[in-house]
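Let's take a walk through a protein chain together, starting with its overall layout and ending in its interior. Keep the picture in view as you read.

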Amino acid sequence: MKNKVIIITGASSGIGRACALELSKKGARLVLVSRTESKLIELNEFINEQDGNSIYVVADVSQESDCIQVIAKTIKIYGEIDILINNAGISMRALFSDLNLSVFEKVMKVNFYGTVYCTKHALQYILKNKGSVVGVSSIAGHKGLPARTAYSASKFAMTGFLEALRIENLKNNLHVLIASPG
């Protein structure tokens, strides 16, 4: 991971934060992405105080324009992208019969479309470096879970998207990883 340029969405907490801290120890150059600026600033300062190398971008991955901004800033600062870790995600808990469809749409926009938007705009740079696209899915992306209809659907969609992307790029040396904790 030494000197690899790695974008991590959802970097301000949980799995994203843990990845950032571990990858920083390995010498990666990080782009930390989240909606929560205060947590990003704290993480960015901590990493750089520990002789790491990171920048941060406040962005909502459910907005394509924000994803474009993340990629543009990464290229402006580092000039390349080796790895994109699509980790940003939100959950929900309600029976489908009780679920407001606006919640379903929001979960799909963040979990699925956030992955699609970031990957679309980073892919040319990742392919140039024979890099990796990572999707942090869930066991719910392989087996539907009750009271998690939107979450399961979003993670199934992400898994299908990344599996198809992997097959499309077999001859392009693109590595695609789907991580499914749970």
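Here is a short tour, from the outside in.

First, bear in mind that this is a predicted model. Start at the N terminus and follow the chain: the elements run β-α-β-α-β-α-β-α-β-α-β, which adds up to five helices and six strands.

How does the chain's radius of gyration fit with a compact globule? A compact globule of 182 residues would have a radius of gyration near 16 Å, and the chain has 16 Å, so the two agree. Along the principal axes, the C-alpha atoms fill a box of roughly 50 × 40 × 30 Å. If you look at contacts with a separation of 6 or more, 65% of them are between residues 24 or more positions apart.

Now for the surface. About 9200 Å² of the chain is accessible, and 53% of that belongs to carbon and sulfur atoms. There are 21 positive and 15 negative side chains, with the centres of the two sets 6 Å apart.

Time to go inside, where 47% of the residues count as buried. The largest nonpolar core has 35 residues, and those touching the most other members are Ile7, Val31, Val70, Ile126, Leu162, Leu165 and Leu174. Elements giving two or more residues to this core include β1 (5–9), β2 (29–34) and α5 (149–168), but α4 gives the most, with seven.

Pick out Val31 for a closer look. Leaving aside residues up to four places away in sequence, Val31 touches Ile6, Ile7, Ile8, Ile55, Val57, Thr74 and Tyr78. There is also a second, separate core of 15 residues, with Ala20, Leu30, Ile47 and Val136 among them.

Note on methods: Residues are numbered from 1 along each chain as its sequence is written. This is a predicted model: local features need pLDDT of at least 70, side-chain atom pairs count only at pLDDT 80 or more; totals for chains, interfaces and linings use all residues. Side-chain values use heavy atoms; hydrogens and water are left out. Helices (H or I, at least four residues) and strands (E, at least two) are DSSP runs, numbered from the N terminus. The radius of gyration is taken over C-alpha atoms; the globule rule is 2.2 Å times the number of residues to the power 0.38. Buried means under 20% relative accessible area, exposed over 50%, partly exposed in between (1.4 Å probe, protein chains only). Contact means heavy atoms within 4.5 Å. Accessible areas come from the Shrake-Rupley method with a 1.4 Å probe; for residues, only the protein chains shown count as cover. Lys and Arg count as positive and Asp and Glu as negative; His and the chain ends are not counted. The place of a charge is taken as NZ of Lys, CZ of Arg, CG of Asp or CD of Glu. A nonpolar core is a set of buried Ala, Val, Leu, Ile, Met, Phe, Trp, Tyr and Cys residues joined through side-chain atoms within 4.5 Å.
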